[in-house]
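Q: I should like to learn how to read the features of this structure. Please guide me through them in turn.

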Amino acid sequence: EEVPHVMTDAVIPAEATANNVRVTLLDTSAHPTRHEELMSKLHKADSIIAVYDCNRRETFDGLAERWLPLVQDHFPGKPVVVVCTKSDAAETTSIVAQQEHERLKVLLSTFRFVLACCRCSAKTLVNVDQVFYHGELVISYPLA
């Protein structure tokens, strides 16, 4: 089944969230022609969920080399949750897991505004709720 590259903006009502706060989800395209829209949505966001594909190392590298520096330079202090997507299809060997763990440690020590990391699968719905919970949590209970 084909999944859209950018989801439609959505609102989760306060009564449906763990901390009883209204959550607005804004998705963006990474395409260079959509840069102004991306910057506008990042400006409006209270927190940012930055995702990478478990099976494509270049998407993780893109976080470290492009996306997190962009947040650091233009939106200092804005909390970020890093999410590994497609965990249902990820390699699960201990060597691969250790390598990912080491890369995340470097990412967390370099970008202190990354306040949480998690894995999820939209296909199997594993931990999808946790992704949004963490996005909400970093706003409701900020680390000073």
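Q: How many helices and strands does the chain have?

A: The chain has 4 helices and 5 strands. Helices (H or I, at least four residues) and strands (E, at least two) are DSSP runs, numbered from the N terminus. This is a predicted model, in which local features need pLDDT of at least 70 and side-chain atom pairs count only at pLDDT 80 or more, while totals for chains, interfaces and linings use all residues. Residues are numbered from 1 along each chain as its sequence is written, and side-chain values use heavy atoms, with hydrogens and water left out.

Q: In what order do the elements run from the N terminus on?

A: The order is β-β-α-β-α-β-α-β-α.

Q: How are the strands of the open sheet ordered?

A: Strands of a sheet pair through backbone hydrogen bonds, either parallel or antiparallel. Here the open sheet of 3 strands has the order β3-β4-β5, with parallel pairing; two strands pair if DSSP finds at least two bridges between them. β3 (48–53) and β5 (114–119) each have a single partner strand and stand at the edges, so one side of each is left without a neighbour in the sheet. From one strand to the next, the twist averages 20 degrees. Between β3 and β4 (residues 80–85) there are 6 bridges, and Y52 stands opposite C84 in β4.

Q: At what angle do the axes of α1 and α2 cross?

A: Two packed helices are described by the angle between their axes and the distance between the axes. The axes of α1 (residues 35–44) and α2 (residues 57–74) cross at roughly 60 degrees and come within 12 Å. Axes are lines fitted to C-alpha atoms, for helices over the stretch in contact, and angles run from 0 to 180 degrees between N-to-C directions. α1 and α2 are therefore oblique to each other; angles under 35 degrees count as roughly parallel, over 145 as roughly antiparallel, 65 to 115 as roughly perpendicular and the rest as oblique.

Q: Which residues make the contact of α1 with α2?

A: From α1 come H35, L38, M39 and L42, and from α2 come W67, L70 and H74. Contact means heavy atoms within 4.5 Å.

Q: Where does α2 lie?

A: α2 lies across β3, β4 and β5, running at about 160 degrees to β3.

Q: What does the C-alpha trace span along its principal axes?

A: The trace spans about 40 × 35 × 35 Å.
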